[in-house]
Amino acid sequence: MTKYNHPTTDEVTLAVYEEKGSKGTVAVCHGLGVPKASEKDSLNDDWTRMVREACVNGSWGYRAMDARGHGSSGWGGSGAWSILGKDMIDITKDTPRPRVAAGQSMGAAASLEAAIFDPTAFQALILLRPPTFYSSRHVAQKVHKTVLGTLAGDSRDREVLLSASKTDLSFPAERLASIAVPVLILATEGDDIHPLSSAEMLKAMIASSQLAVAKTQDEAFETWPKIIETFMAAVPQRP
C-alpha cells in the first residue's frame, strides 16, 4: 500500500491510500468520525476494510481517502456529502476502468452524490450501512447535537461534526431512480443512525440495486466480505 497527498481543486490536501490491481479501481470513503474526526481515517474503519480486502482478493486496485477533516487530510471548512462525492471522483480520475465507488455511512452518501453528479464516473456502487437522509435525517442530527456539546468550541473535530449535522443528500429523492449502474446495498437491523428504512428506500428507488440485510453486526462481518467479492466479480470489465 502507498500513501500520498492528493490536492483538490479547492486546495484541500487529501490523504489517499493506494493499492494497484489488474481489474479496475475502487474509490473508498469511510464513515464519519464521532466524536473525533481527527482520529478516524481509511485504515481504522472496520466496515470499509471489508471493501479493501475484497479488492485485494479480487485483484482490484483501490484508492481510499481520509475524508476532509479526518485523519491526515486537510479540512477546508465543509464536509458536505456532495463535496465528498466529488472528491471520490477526483482521486480516481486517472485510474483504470471500470471504477467502483464504495463507502460506509457518510461514505455511502458520498458515493450516491458522486453517481448523481457524474453518472459516467463509476460503473458500480457499494453502499454499506446507508445513513439517515431526507425525512429521517433529524435522527442523526439529534445525536450530533448531543456530541457537539462535549467538544471544544474552536476544535476542528467540532467543525467537522457541525458540518456533518447540516448535510444531507443534495438532490431530490426522485433522482435516485436515474442511477443505472449495479448497486450493492448492505444494511443491518436495529441501527437508528443507519436505519434499514434508508437501505430499503434505496432498493425501491434504484432498479439496478440489490440489498443484503444482516440481523447483527457480527453477522455482517461474517457474511458481507463474500457478498462484496461476488458483487465485484460481476462488475463488467470494460474500458
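Contact here means heavy atoms within 4.5 Å. The structure is a predicted model.

**Exercise 1. Burial of helix α5**

Task: Identify which residues of helix α5 (residues 156–166) are buried, and name an element that helps to cover them.

Solution.
Step 1. A residue is buried when its relative accessible area is under 20%.
Step 2. In α5, the residues that meet this criterion are Asp157, Val160, Leu161, Ser163, Ala164 and Ser165.
Step 3. The cover over these buried residues includes α4 (137–148).
Step 4. A general point on helices is relevant here: an α-helix has 3.6 residues a turn, so residues three or four places apart point the same way.

**Exercise 2. The loop after α5**

Task: Determine whether Thr167 is buried or exposed, and list its contacts beyond four places in sequence.

Solution.
Step 1. Thr167 sits in the loop that runs between α5 and β7 (183–188).
Step 2. Its relative accessible area is 7%, and Thr167 is therefore buried.
Step 3. Beyond its neighbours within four places in sequence, Thr167 contacts Ala80, Trp81 and Arg137.

**Exercise 3. Two strand residues**

Task: Classify Lys3 and Val28 by accessibility, and describe the surroundings of Lys3 and of Val28.

Solution.
Step 1. Lys3 belongs to strand β1 (residues 2–7), and Val28 to strand β3 (residues 25–29).
Step 2. Lys3 has 46% relative accessibility and so counts as partly exposed.
Step 3. Val28, with a relative accessible area of 2%, is buried.
Step 4. When neighbours within four places in sequence are set aside, Lys3 is in contact with Ala15, Val16, Tyr17 and Ser72. The contact with Ser72 includes a polar one between the two side chains, at 3.0 Å.
Step 5. With the corresponding neighbours set aside, Val28 is in contact with Thr48, Val51, Tyr62, Arg63, Ala64, Met65, Met88 and Ala102.
Step 6. As for separations, the C-alpha atoms of Lys3 and Pro131 lie 28 Å apart, with these positions 128 residues apart along the chain. For Val28 and Tyr134, 106 residues apart along the chain, the C-alpha separation is 23 Å.

**Exercise 4. The nonpolar cores**

Task: Locate the residues that touch the most other members of the largest nonpolar core, and the helix that gives the most to this core.

Solution.
Step 1. The largest nonpolar core has 46 residues, of which Leu112, Phe122, Leu125 and Ile179 touch the most other members.
Step 2. Helix α3 (residues 106–117) is the greatest contributor to this core, giving 8 residues.
Step 3. Not counting residues up to four places away in sequence, Leu112 touches Leu125, Leu127, Leu169, Phe171, Leu176, Ile179, Leu202 and Ile206.
Step 4. A second core, separate from this one, comprises 25 residues, including Trp47, Met50, Val51 and Trp224.

**Exercise 5. Pocket and cavity**

Task: Describe the volume and lining of the largest pocket and of the largest cavity.

Solution.
Step 1. The volume of the largest pocket is about 350 Å³. Its lining has 24 residues, and Leu32, Val34, Ser105, Ile193 and His194 are the closest to the pocket centre.
Step 2. Two elements, α1 (46–57) and α4, give two or more residues to this lining; the largest share, 4 residues, is that of α4.
Step 3. By type, the pocket lining divides into 10 nonpolar, 9 polar and 5 charged residues.
Step 4. The structure has 1 cavity of 30 Å³ or more, and the largest cavity has a volume of about 30 Å³.
Step 5. Leu32, Arg68, His70, Gly79, Leu84, Met106, Val160 and Ala164 line the largest cavity; by type, they are 5 nonpolar, 2 polar and 1 charged.

Conventions: Residues are numbered from 1 along each chain as its sequence is written. This is a predicted model: local features need pLDDT of at least 70, side-chain atom pairs count only at pLDDT 80 or more; totals for chains, interfaces and linings use all residues. Side-chain values use heavy atoms; hydrogens and water are left out. A nonpolar core is a set of buried Ala, Val, Leu, Ile, Met, Phe, Trp, Tyr and Cys residues joined through side-chain atoms within 4.5 Å. Buried means under 20% relative accessible area, exposed over 50%, partly exposed in between (1.4 Å probe, protein chains only). On a 1 Å grid over the protein atoms alone, a cavity is a set of points where a 1.4 Å probe fits but cannot get out, and a pocket is an open set with protein on both sides within 12 Å along at least five of seven lines; lining residues have an atom within 4 Å of a point. Grid points are joined across faces, edges and corners, and a volume is the space filled by probe spheres set on the points. Ala, Val, Leu, Ile, Met, Phe, Trp, Tyr, Cys and Pro count as nonpolar, Asp, Glu, Lys and Arg as charged, and the others, Gly among them, as polar. A polar contact is a pair of N or O atoms within 3.5 Å; within protein, one must be able to donate a hydrogen and the other to accept it, and residues adjacent in sequence count only if both atoms are side-chain atoms.
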